[in-house]
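Student: Hi, I'm new to this one. Can you walk me through the model?
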Amino acid sequence: MLILVNDYKIQRLPYPFLRILWEKSKQKHFTCLSSKPSSAAMHTFVMALPNPSLPGNNVLTANYSTIPSSLSLKSNAAPLQNLQGKVENLYLISLSEQGKLDQVHRFFQQMDSAGVSVSLQTYQHLLQTCGNLQSLHHGRLIHERIRTQFQNPPGFLHNWLLKMYCECGSTWDAEKLFDEMPERCPLSWAIMMSAFAGQGWTGKVLAMFLKMKDLGINATPSIYISLLKSLLDSSLLDLGKQLHSQVIKSGFHGNVAMDTAVSNMYVKCGCLESAEWAFQKMEERNVITWTALMVGLTRAERKEDALRLFHRMVREDMEFDDFVFSITLKACAGLRDIILGLQVHGLLAKLGLESQVTVGSALVDFYVKCGDIDSANQAFERISEPNDVSWSAMIHGYTQIGDFEKCFEVFKSLRREGVVLNEFIYTNIFQACSALADLNLGTQVHGDAVKRRLVSYLHGESAMITMYGKCGQLDSAFQVFESMIVPDIVAWTSIIAACAYHGYASEALSLFRRMRTSGVRPNEVTFIAILTACSHSGLIKEAKQFLELMSTEYGLAPTIDHYDCLVDSYARAGQLNEALDLIQTMPFEPDAMSWKSLLGGCSIHRNFELGKIAAEKLLELDPQDTAAYILMFNLYASCGKWDEAASIRRMMAERDLKKEVGCSWITVKGKVHRFIVGDRHHPQTEEIYQKLEELKFSRDNINNAVLVSDGNNVSNELPQRKEQLLDHSERLAIAFGLIATPNDATILVFKNLRACKDCHEFAKHASLVTGRGITVRDANRFHHFRDGKCSCGDYW
């Protein structure tokens, strides 16, 4: 829309200012004359505006960004001399509205040279702009100018200075000014207390409140609101109830802002019953009131109640904002309620809100948690300007579906483009590095996160513990853990699981005892970790004790996963009948893992009869599990039943099931080298196989029995496998490590499958002959080979 002011085009003015112009035009203040504005017409234009030098006007709500540039100190129009100072102050406000604070300071100099003063209301407007833009530098310059111009600035200007410093995050400057103020009105106290409350400094808020009371200053509603906002946890609930009582006694209740603050206080202090009571008692509610209670219900895992509140908002025809939709989608995501989530999405599309970053990010998170990564991606593409929360949700989605390469691709592109990152993005990348055992990238990301101060306390640190543990750097995992001030249960579980993964059961048990002594209560996942440590080390007695401890001391109900850990402990130790008894008597229907654990033990200990039962049960539950067929084949082969072993191969072929190809990899000088069985594509293939021949010769001459004497070794019955074993992927990776790394470096190899007995013996032999430390992480655990021995004690 265009409005002509003496042929001067003012384009697209905001509504408040447009209304003023339109109303004034009806009063004959605006006419269409020549193309060049006359001084008389401009005089009329200025007089039609609110007077910035008078208190109580609406100068702060008007928009001055379109004031003609001809209005400046350079104007020589005679009629404007009677308005000296007014136009200049309007121009300052215009520059401020446009965020041109540097030009404001340059114009100050011109005004000083012309002897024109800056009005109090203009300073007020400038300080408000500095606060809105969080421009502390310009705010301080304006404060210094005020000191110079006014010996005793009025109280309202002091309050605007306080507000500016608080909005810029400089509570230090605000406190200093507050202490210097000759007089402080209740608003001054309210501003400071509100700032402290925003920082979560409950102690400072209460100290100021008590000091104010000692000075005989009556608390205003805004002060009580600041006090209520500062109460952030359940330990302050009693204090919150006392303040609520004071509010009622002071007659401040019944106001929507006050009642909302009371309800929010109860939500933050974890007393939802009182929050709901206060909510029901309110005569008037705004959108903040509704959403605050929805947030509290969602955080308390009462997501159904939060959604019922949303339905009530719809029925009562309440206004909605972005946050209402965001918390509703969060509740839908928590419940995996795809139907309601889709309905909310449809409403957002109808309202045209999909492109807004707040709502769009919530949609992405909703679809990710519901496992629909394609819809998440589509929702992400509709966001006009994605922020760090949007990207974090997408990266989390890729992590959830196991597309870790995509995680890294997105992360690297964000860093290249200078996009603002957050702690959650780094936590997800740590998790991706854990899954891929990418130590090289993991250490780089760790350094980058530390440099940017974006290591999330507890969550990010726990993710790093897991990452270093799975990447074979247990020492680094311990360094991260010991650096934590107060580890939570996730951190304790992560370090216990890392020790279990490396086969260090005694360390895992010691950590568990430390955790209990520190007062941290274990959860179900913690017991999975400690039971796994017992299973990998043959600690059957301890495993049984921990399973009992769950319910007797901590009131935790063991799940099928906990019983499977105990079944695995029995099976690995050769107590197969006990394992079968547990499967048949435990308070759950056995799952595939129950029978797989028993079948694995039967394969190791050559119990054909029980193994056959376990295999049949396993295939009934999961006929597509290739691991079951491999275990059955190994069992038959180890017992010399070649016809049955051959039938397993035929069965796999008929069902189009293929054994996963074994792959091992090693990182040397930042580059990952991958090998598969019989691999001859590496540039150093000849050197690798020559090293294998050297190790084979040494082995044959030193202790030939190591290769063939093990009664469990299938190679006894298949002599032709002896040559094939040289081609196994982990042997190729170990050989390459021996020729490509310094003699004092530990060789770290990763494998996607469980290490076979023969290759396990090979690694022991290689560590003895070469004197090198060799670490192999297979699908189950880490094996640390030193001087011909393995950390697993040949028990895995």
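Tutor: Sure. One term to begin with: helices and strands here are DSSP runs, numbered from the N terminus. Also, this is a predicted model.

Student: OK. How many helices and strands does the protein have?
Tutor: The count is 41 helices and eight strands.

Student: And what share of the residues is buried?
Tutor: Of the 796 residues, 50% count as buried.

Student: What about contacts between residues far along the chain? What share do residues 24 or more positions apart make up?
Tutor: They account for 63% of the contacts with a separation of 6 or more.

Student: Let's do the sheet. What is the strand order?
Tutor: The order is 4-3-5-6-7-8. It is an open sheet of six strands, and the pairing is mixed.

Student: Which strands stand at the edges, and why is one side of each left without a neighbour?
Tutor: Those are strand 4 (671-676) and strand 8 (789-790). Each has a single partner strand, so one side has no neighbour in the sheet.

Student: In what sense do strand 5 and strand 6 pair?
Tutor: Parallel, over four bridges. Strand 5 covers residues 747-751, and strand 6 covers residues 774-777. Ile747 has Ile774 as its bridge partner. Val749 stands opposite Val776.

Student: Which way do the residues of strand 6 point?
Tutor: Ile774 and Val776 point one way, while Thr775 and Arg777 point the other way. All of these are buried.

Student: What sits just before strand 8? Where is Asp787 found?
Tutor: Asp787 is in the loop between strand 7 (782-786) and strand 8.

Student: Buried or exposed?
Tutor: Exposed, because its relative accessibility is 58% and the cut-off for exposed is over 50%. Its phi is near 50°, a positive value in a residue other than glycine.

Student: Which loop holds Asp656?
Tutor: Asp656 is in the loop between helix 36 (642-654) and strand 3 (663-668). It has a positive phi of about 55° although it is not a glycine. Asp656 is exposed, with a relative accessible area of 61%.

Student: New topic: the inside. Which residues touch the most other members of the largest nonpolar core?
Tutor: Ile223, Val364, Ile429, Phe527, Ile530, Phe546 and Leu598. That core has 199 residues. Helix 35 (residues 626-638) gives the most to it, with nine residues.

Student: What is Leu598 in contact with, leaving aside neighbours within four places in sequence?
Tutor: Its contacts are Val567, Ala571, Leu576, Ala579, Leu580, Ile583 and Ala614. There is also a second, separate core of 23 residues. It includes Leu695, Leu738, Val749 and Ala763. You met Val749 in the sheet, opposite Val776.

Student: Now pockets. How much space lies in the second largest pocket?
Tutor: About 1,100 Å³. The pocket is lined by 31 residues. Lys330, Asp365, Lys369, Val389 and Phe424 lie nearest its centre.

Student: Which helices each supply at least two residues of that lining?
Tutor: Helix 13 (256-268), helix 15 (287-299), helix 17 (322-335), helix 19 (357-369), helix 21 (388-400) and helix 23 (423-436).

Student: What is the mix by class?
Tutor: Eleven nonpolar, 14 polar and six charged residues.

Student: Back to helix 19. Is Val359, which lies there, buried or exposed?
Tutor: Val359 counts as buried, at 0% relative accessibility. Leaving aside neighbours within four places in sequence, it is in contact with Asp322, Phe325, Ser326, Leu329, Leu348 and Leu353. Val359 and Ser326 are 33 residues apart along the chain, yet their C-alpha atoms are separated by 5.6 Å.

Student: Where is Ser462?
Tutor: In helix 25 (residues 459-470). Ser462 counts as buried, at 2% relative accessibility. Beyond neighbours within four places in sequence, it is in contact with Asp488, Val490, Ala491 and Ser494.

Student: Last one: Arg572. Buried or exposed, and why?
Tutor: Buried, because its relative accessibility is 14% and the cut-off for buried is under 20%. Arg572 belongs to helix 31 (residues 560-572). Arg572 and Ile540 are 32 residues apart in sequence and 9.7 Å apart in space, C-alpha to C-alpha.

Key: Residues are numbered from 1 along each chain as its sequence is written. This is a predicted model: local features need pLDDT of at least 70, side-chain atom pairs count only at pLDDT 80 or more; totals for chains, interfaces and linings use all residues. Side-chain values use heavy atoms; hydrogens and water are left out. Two strands pair if DSSP finds at least two bridges between them. A nonpolar core is a set of buried Ala, Val, Leu, Ile, Met, Phe, Trp, Tyr and Cys residues joined through side-chain atoms within 4.5 Å. Buried means under 20% relative accessible area, exposed over 50%, partly exposed in between (1.4 Å probe, protein chains only). Contact means heavy atoms within 4.5 Å. On a 1 Å grid over the protein atoms alone, a cavity is a set of points where a 1.4 Å probe fits but cannot get out, and a pocket is an open set with protein on both sides within 12 Å along at least five of seven lines; lining residues have an atom within 4 Å of a point. Grid points are joined across faces, edges and corners, and a volume is the space filled by probe spheres set on the points. Ala, Val, Leu, Ile, Met, Phe, Trp, Tyr, Cys and Pro count as nonpolar, Asp, Glu, Lys and Arg as charged, and the others, Gly among them, as polar.
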